[in-house]
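This report considers one helix and a set of aromatic contacts. The sequence and structure are shown first.

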Amino acid sequence: MKVKLLLIKTYYSFPVQLLLLHFRKYQVLLIFWVILFSTINGGFAKVFGGDALFLAPEYLGKVNFYSTAILGLATGMFIMSWQITTFILHTGRFKFLATTSQPFFRYCLNNSLIPLAFAVCLLYRGWEYQRYEQLSTIPEILLLGEGFICGALFIVFFCFFYFFNADKNIGRRLEKRFGNPRNFLRVILKPTQEPDENALPVHNYFSTPWRIRRARNVDHYNKHYLDSILKQHHFAAMITVGCALIFLVILAYMMDYEVFRIPAGASVLIFFAFLIGVAGAYSYLLQTWSIPVVLVLLLGLNWMVEHNWIDNRNKAYGLDYQQKKARPDYSLEALQHFFTRERYEADRLGTLEILRKWRSRFPANKKPRLIVMNFSGGGSRSATWSLHVLQRLDSLLGGDLMKHTVLMTGASGGMLGASYFRELYLEQLMGKSVRLTDSIYIDRVSRDLLNPVFSAMAVNDFITPWRTFQLDGHRYAKDRGYAFEMQLNQNTDNLLNKTLKDYKEPEYKALIPMLIWNATINADGRRLMISPQSISYLCSPQYLYPTRQIRDIDGVDFGQYFAGQDAMDLRVTSAIRMCATFPYVLPNTFLPSNPIVDVMDAGIRDNFGQQTTLRFLYTFSKWINENTSGVVYIQVRDTRKNDITPIKKAKDLGDLLFEPLFTMQQHWSAMQDFDQDDLINYMEGYFPNKFHRVIFQYVPQKQDKAAALSWHLTSREKLDIAHALDNPANQSALDFVVKQMAE
């Protein structure tokens with residue numbers, strides 16, 4: 001009997017009734033908690049490194065007491081926004097709160113099950129992450145935890161202080177209104193006749209963290225009086241939503257200053273706090289009209305986007321998007337008319353001149369080895385791995401790697417590492433004090449790029465999408481693409497803050513290898529190839545015995561097609577970003593064509609950049625055979641080749657329903673490998689006994705501990721990537737390259 005009574009009391013306790021109410025009403029507010037719990041536990045956005053935003057928050061490039069304190073402040077803001085919003089929505093069902101002192105404090109105390117669970121989970125996961133991923137010491141981890149707790153408690157106490165003052169102000173207003181205590185009692189003790197249908201039964205509640213009290217019966221109170229007290233608190237609560245919005249706008253406008261670039265996890269939490277507040281206020285004010293009004297707003301927003309009233313489309317920095325200039329038509333007929341056989345031949349002869357200049361750098365009586373290199377996509381993981389391989393190869397070849405290299409191309413993060421290394425080599429040629437094998441460059445290219453991107457997404461893209469900046473007389477949106485490029489320039493000491501035309505002459509003189517950035521045109525899947533040289537010979541297959549009069553154009557030479565839009569003024573960082581536009585993480589880049597087309601990650605078409613290289617080799621195969629001693633084809637990839645993902649022994653209902661839909665996406669890279677291996681096999685026939693393919697692949701020391709496909713790397717992941725060069729397969733590849741170059 002006692003157990004049954006205890007269970008009944010527990011069930012009808014205020015904390016349990018509140019928890020159940022959250023699941024019965026306004027479930028949309030629980031989505032924020034689901035996202036956060038899933039993210040910090042390695043579920044949601046794991047492939048993007050989403051957990052690192054909360055478990056290793058960076059501020060001014062460091063994870064320390066201040067960065068976790070800022071995350072704590074943001075967590076406190078989110079928790080209090082949740083408390084305030086649900087207080088507004090639910091307190092009408094718990095009128096006994098109006099008879100207590102400090103109703104908001106009592107409500108928060110009893111509504112702390114979910115927030116406390118999140119805070120404890122975040123601290124525990126943060127401990128594990130810092131201990132095993134960041135390799136931090138126990139005192140360092142404790143200091144980080146202290147920062148988080150201090151930040152969260154500061155916001156909580158500040159909000160309670162604000163509402164305690166609100167209680168006093170409400171009391172003063174009631175005193176002025178009723179004056180005489182008898183009048184006051186006459187009003188509040190006059191019960192209303194109609195029953196309160198929304199009220200929920202509550203037997204007891206926590207009045208303090210250590211004391212449980214029985215909930216007071218309020219049937220003898222006037223219902224309208226109780227509602228007036230709670231509405232006074234609602235007004236005070238809604239002010240805090242406005243404060244969150246103001247804070248986000250301030251962050252957006254101060255984003256250019258490094259000190260205001262708070263950790264991305266903090267930005268996301270503040271943004272969620274604002275969204276929860278808006279959702280709560282919206283539901284509270286509109287009640288049953290909520291859904292119809294949402295539909296009207298969505299239709300209106302869609303109309304404004306469709307008719308360019310709202311235009312936050314990302315643009316490539318340096319290009320001229322002014323309508324007064326004639327834009328190139330983007331259609332099959334226009335492409336075929338533009339990329340003619342005459343243009344093909346002229347561009348081919350131009351590159352032949354580059355190859356001749358490259359050949360003149362070697363002794364006339366000895367044919368040199370020719371190197372071409374491909375780099376796979378893979379975010380910071382691939383960028384760091386590519387730079388490791390390039391540094392080791394250059395060291396083993398006595399600094400001659402770039403001298404023998406004719407072409408570098410690929411996708412996504414790998415091209416970031418390749419672009420950076422080539423620029424360092426150019427700086428060295430110009431007489432600057434650059435040591436290509438210096439570990440400082442690995443450190444720079446592996447620095448965080450994820451925090452500014454997610455911060456800008458939360459603050460700029462959603463809160464202030466109208467903000468712009470000016471560059472070379474043109475205006476562009478300040479979005480997460482801008483934040484990415486700004487941070488990339490900062491990380492690499494502005495070495496990549498150049499335009500395409502800055503590389504035209506060094507490439508033409510064969511001082512540095514040609515480098516081609518690739519992207520995928522969403523409209524039809526064609527490759528967009530970005531180079532300071534004219535490369536239309538890569539835009540279509542050149543059949544020896546053509547049976548069709550029209551050409552099969554499968555690529556676009558960016559430099560020539562958009563010459564009227566100042567293509568050579570394109571920023572190199574924009575070329576890298578267009579090459580590495582992973583869906584949703586970075587914005588698709590729109591090009592000034594007619595009609596407008598947008599581009600994204602090169603990996604959609606070719607994650608390894610091999611198709612571009614193979615066509616290049618085929619085009620110049622005759623010259624290469626006559627003037628070189630052979631081709632060393634180096635592929636640098638951040639995934640294991642011919643790997644098989646673990647196969648489930650038994651399939652559940654979800655597998656049966658969704659596997660047919662996502663099979664292609666899951667095996668995209670493997671299918672590209674199979675097709676390209678076939679092409680490489682044919683390519684060997686054009687270079688009899690002179691074609692040598694070498695693969696460097698990042699293989700983690702532990703299969704389940706591979707570095708994340710993200711723009712953020714942990715300390716453990718950086719070490720794992722560095723040690724991957726020491727595995728037997730990569731050591732054998734290094735020895736093979738050295739041997740080939742010595743012959």
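A residue is termed buried when its relative accessible area is under 20%, exposed when over 50%, and partly exposed in between, with a 1.4 Å probe and protein chains only. The model is predicted: local features need pLDDT of at least 70 and side-chain atom pairs count only at pLDDT 80 or more, whereas totals for chains, interfaces and linings use all residues. Residues are numbered from 1 along each chain as its sequence is written, and side-chain values use heavy atoms, with hydrogens and water left out.

**Helix H20**

Helices (H or I, at least four residues) and strands (E, at least two) are DSSP runs numbered from the N terminus. Of the 12 residues of H20, 11 are buried, so the helix is largely enclosed by the rest of the structure. Among the buried residues are Arg480, Tyr482, Phe484, Glu485 and Asn491.

H20 covers residues 480-491, and its end C-alpha atoms are 16 Å apart, in agreement with the 16 Å expected at 1.5 Å a residue; the expected span is 1.5 Å times one less than the number of residues. At the N-terminal end, Asp479 acts as the cap, with a side-chain oxygen 3.0 Å from the backbone nitrogen of Gly481. Asp493, which follows H20, has a positive phi near 60 degrees.

**Aromatic contacts**

Rings of Phe, Tyr and Trp (its six-membered ring) pair if their centres lie within 6.5 Å; planes under 30 degrees apart count as stacked, over 60 as edge-to-face and the rest as tilted. The structure holds 28 such pairs, and two edge-to-face examples are tabulated.

| Pair | Centre to centre | Angle between planes |
|---|---|---|
| Tyr317 and Phe469 | 5.1 Å | 85 degrees |
| Tyr633 and Phe691 | 5.7 Å | 80 degrees |

Tyr317, in the loop between strand E3 (314-315) and helix H13 (332-338), is 152 residues from Phe469 in strand E6 (residues 468-471), and their pair links distant parts of the chain. Tyr317 is buried at 3% relative accessibility, and Phe469 is buried at 13%.

Tyr633 belongs to strand E13 (residues 630-637) and Phe691 to strand E14 (residues 691-697), so their pair ties together parts 58 residues apart in sequence. Both Tyr633 and Phe691 are buried.

One aromatic cluster is formed by Phe32, Trp33, Phe37, Phe78, Trp82, Phe118, Phe271 and Phe272.

**Charges over rings**

A charge sits over a ring if NZ of Lys or CZ of Arg is within 6 Å of the ring centre and within 35 degrees of the ring normal. The charged end of Arg577 lies over the ring of Tyr317, 5.0 Å from its centre. Arg313 is placed over the face of Phe590, 5.7 Å from the ring centre.

Note on methods: A polar contact is a pair of N or O atoms within 3.5 Å; within protein, one must be able to donate a hydrogen and the other to accept it, and residues adjacent in sequence count only if both atoms are side-chain atoms.
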